[in-house]
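Visitor: I am new to this structure and should like to understand the terms used for it. Please show it to me.

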Amino acid sequence: MTAAAGDGGQPAPISVELREITKDTVREVCALEVRNDQKGYVAANALSIAQAHFEPTAVFRAIYLGEQPIGFVQWRDGGTPGTVVLWRFMIDRRHQSAGLGRTALALVLLQMRRSGFETVETSVVRGPSGPLDFYLSQGFVEVGQATPRGEWLLSKAL
Ligand SMILES: CC(C)(COP(=O)(O)OP(=O)(O)OC[C@H]1O[C@@H](n2cnc3c(N)ncnc32)[C@H](O)[C@@H]1OP(=O)(O)O)[C@@H](O)C(=O)NCCC(=O)NCCS
């Protein structure tokens, strides 16, 4: 699944894709990292991939810009039918603030919709470098509740 990042006036659209992770790419996906001030807001990719193996409905993908892995996303079924949980999402620190998170998230939401889900939920740690405002700018709304682990719940109709 691909999408063009950036504004329409650019000469060559940049291809953003979600790709399966393989034995040949897992090391470079695990080497992707967020900024130091963001490390409390998302798990390391290696931990996410390990956790996915114990969650039967988990789907995880690398986010590619052209042939380069630049991010990671993971989701799983939610507690109610039709609901999916965006579990992990990150763009490597060297590729942030270039519109790639927005483009990748749009691909993820499209894939969720095509899989038959109607609602996506996520939860965020609130803080100065946290992703709350990013998600709000992408159409998520605050549920007004926290998870048992204290993360702030957000949702969006697909
Ligand atoms: C959140 C994250 C994925 C955004 O990726 P990104 O590639 O930097 O985002 P984009 O460049 O596509 O930004 C899209 C919009 O959101 C805004 N934005 C991005 N990160 C933001 C943040 N932390 N707070 C507020 N706004 C933010 C951008 O300014 C941009 O606004 P615009 O549409 O008005 O230009 C990235 O910052 C990240 O990996 N953060 C650390 C991990 C994390 O917190 N993940 C989520 C929890 S699982």
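Visitor: Which elements each supply at least two residues of the shell around the ligand, and how do you know what counts as an element?
Guide: They are strand 5 (83–91), helix 3 (100–114) and helix 4 (132–137). Helices (H or I, at least four residues) and strands (E, at least two) are DSSP runs, numbered from the N terminus. Strand 5 gives the most to this shell, namely four residues. The model is predicted: local features need pLDDT of at least 70, side-chain atom pairs count only at pLDDT 80 or more, and totals for chains, interfaces and linings use all residues. Numbering starts from 1 along each chain as its sequence is written.

Visitor: What makes a residue part of the surroundings of the ligand?
Guide: Its C-beta atom, placed from the backbone, must lie within 6 Å of the molecule. The ligand is surrounded by 20 residues, the closest being Q96, G101, R102, P131 and D133.

Visitor: How many helices and strands does the protein have?
Guide: There are four helices and eight strands, in the order β-β-α-α-β-β-β-α-β-α-β-β from the N terminus on.

Visitor: Why does the radius of gyration agree with a compact globule?
Guide: The radius is taken over C-alpha atoms, and the globule rule is 2.2 Å times the number of residues to the power 0.38. For 158 residues a compact globule would have a value near 15 Å; the protein has 15 Å, and therefore the two agree.

Visitor: What percentage of the residues count as buried?
Guide: Of the 158 residues, 28% count as buried, that is, 20 or more other C-beta atoms lie within 10 Å of their own, with C-beta atoms placed from the backbone.

Technical notes:
Buried ≥ 20, exposed ≤ 12 C-beta atoms within 10 Å, placed from the backbone.
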